[in-house]
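Me: Please take a close look at a single part of this structure and describe how it is arranged. I am new to it, so give the terms as you go.

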Amino acid sequence: MSLTPRTPRYILLRYLSVTLFVRVMICCSVLVGLLEVLALLEQTTPILQRHLGVQGLMLYVGLRLPFLLSNTLPFAVLIGALVMLTQMTLASETAILRAAGLSTLGFYLRLAPITLVLGFMGVMIDDQIAPRSELALAIWWNRTDPTPENGHAFWFRDTSRIVHVGYAADGGARLGEVDIYTRDMEGRLTGTLHAAQASHTPAGGWILHDVSGLSVHNLVAQAQPTQASVPWAMNLPPAEIIRLAADRPPISTRLMIERLLGHVPSNDTPAYLKAGLLERLMRPISLLVLLLIAMPVLYIPPRTGSRSWLPVWCLGSGLLFIVTQGLFRAMGNAGLLPPLMAVLPGLIIFTLGALSALLRNETL
């Protein structure tokens, strides 16, 4: 029987979509669970030392969940597609569908919609959920730190100023060892300020305490009188200070664009922001490539069955694709590659490789 226009094709589309979605969610749950356990093995002692108890452990697990889910989604799509297609092939379901007139391209086109849905889910998690949860986790971790002065220092750019902060405390409302370097339009140093502390006021402003500084004019530095407190013209809230203090946290697309345009302070390079924007837009496409890499398991020989190495080769190719994308992205972050070259080559190379493997199997 062939798939005629009268055949309710949405039934097959729904069956394949639901099956793939369930497999991907199961894989996500397993992978996220393993990563949560590994994270707890490292963080349980500090959490208990801060007397946060079981509630602190559960809060840590919950706030970490969106970030881990976003990171494991590509692996879950790859493994879920491999498991689903392998099971269907070994159970002769693919042979039946082929006999009914469904081609490999038909399989792919019917699995592509749910893969795109998963991709857009990943984009939503990356853009809206993970940045909020990671920021909430960082604020909670900073507030409960008994020795914030031992925290790491960080830098950020604020218009023509470069700011160095020794540590942040009280969820970003109190800063220690603040150094502010001002520059002219040509980037030359015009002055420095050093404050022992900075505090956020209830009115929303900042005040520098125990301030000393230098002014530079015609390459001559002149010391400024020490002042007990000075208003600091910076409109960043404490939460954004914590975000800047974190090591490359996930941020929303809107914040990426604002940092690129220079509307808000940033500690990221333009190359990193551009590559991150492009990678986020290409997330659904990368999942489609992973699905394409898994498609050759439809050609597992019937006599080979579960002894076939084809799923292993497809799994290895998918992992190689993910690693390659990460390497290209790292070079893009460092400014060694333009943003397009940091994202597109891996997609093109592995798409052509997967298509070659499918065409080769079709001719055998």
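Reply: Helices (H or I, at least four residues) and strands (E, at least two) are DSSP runs, numbered from the N terminus. Residues are numbered from 1 along each chain as its sequence is written. This is a predicted model, in which local features need pLDDT of at least 70, side-chain atom pairs count only at pLDDT 80 or more, and totals for chains, interfaces and linings use all residues.

The part chosen here is strand β2, which covers residues 161–169. Eight of its nine residues are buried (under 20% relative accessible area, where exposed is over 50% and partly exposed lies in between, with a 1.4 Å probe and protein chains only). The strand β2 is therefore largely enclosed by the rest of the structure.

Two strands pair if DSSP finds at least two bridges between them. Strand β1 (residues 154–158) pairs with β2 in the antiparallel sense, over five bridges. In this pairing, Arg161 of β2 stands opposite Asp158. The two strands β1 and β2 form a hairpin with two residues between them. Thr159, in that turn, has a positive phi of about 50 degrees.

Strand β3 (residues 174–183) also runs antiparallel to β2, and eight bridges join them. Here His164 has Asp179 in β3 as its bridge partner. The hairpin of β2 and β3 has four residues between the strands, and Asp170 takes a positive phi near 55 degrees in it.

On side chains, one general point applies: in a regular strand they alternate between the two faces of the sheet.

Technical notes: Heavy atoms only, no water.
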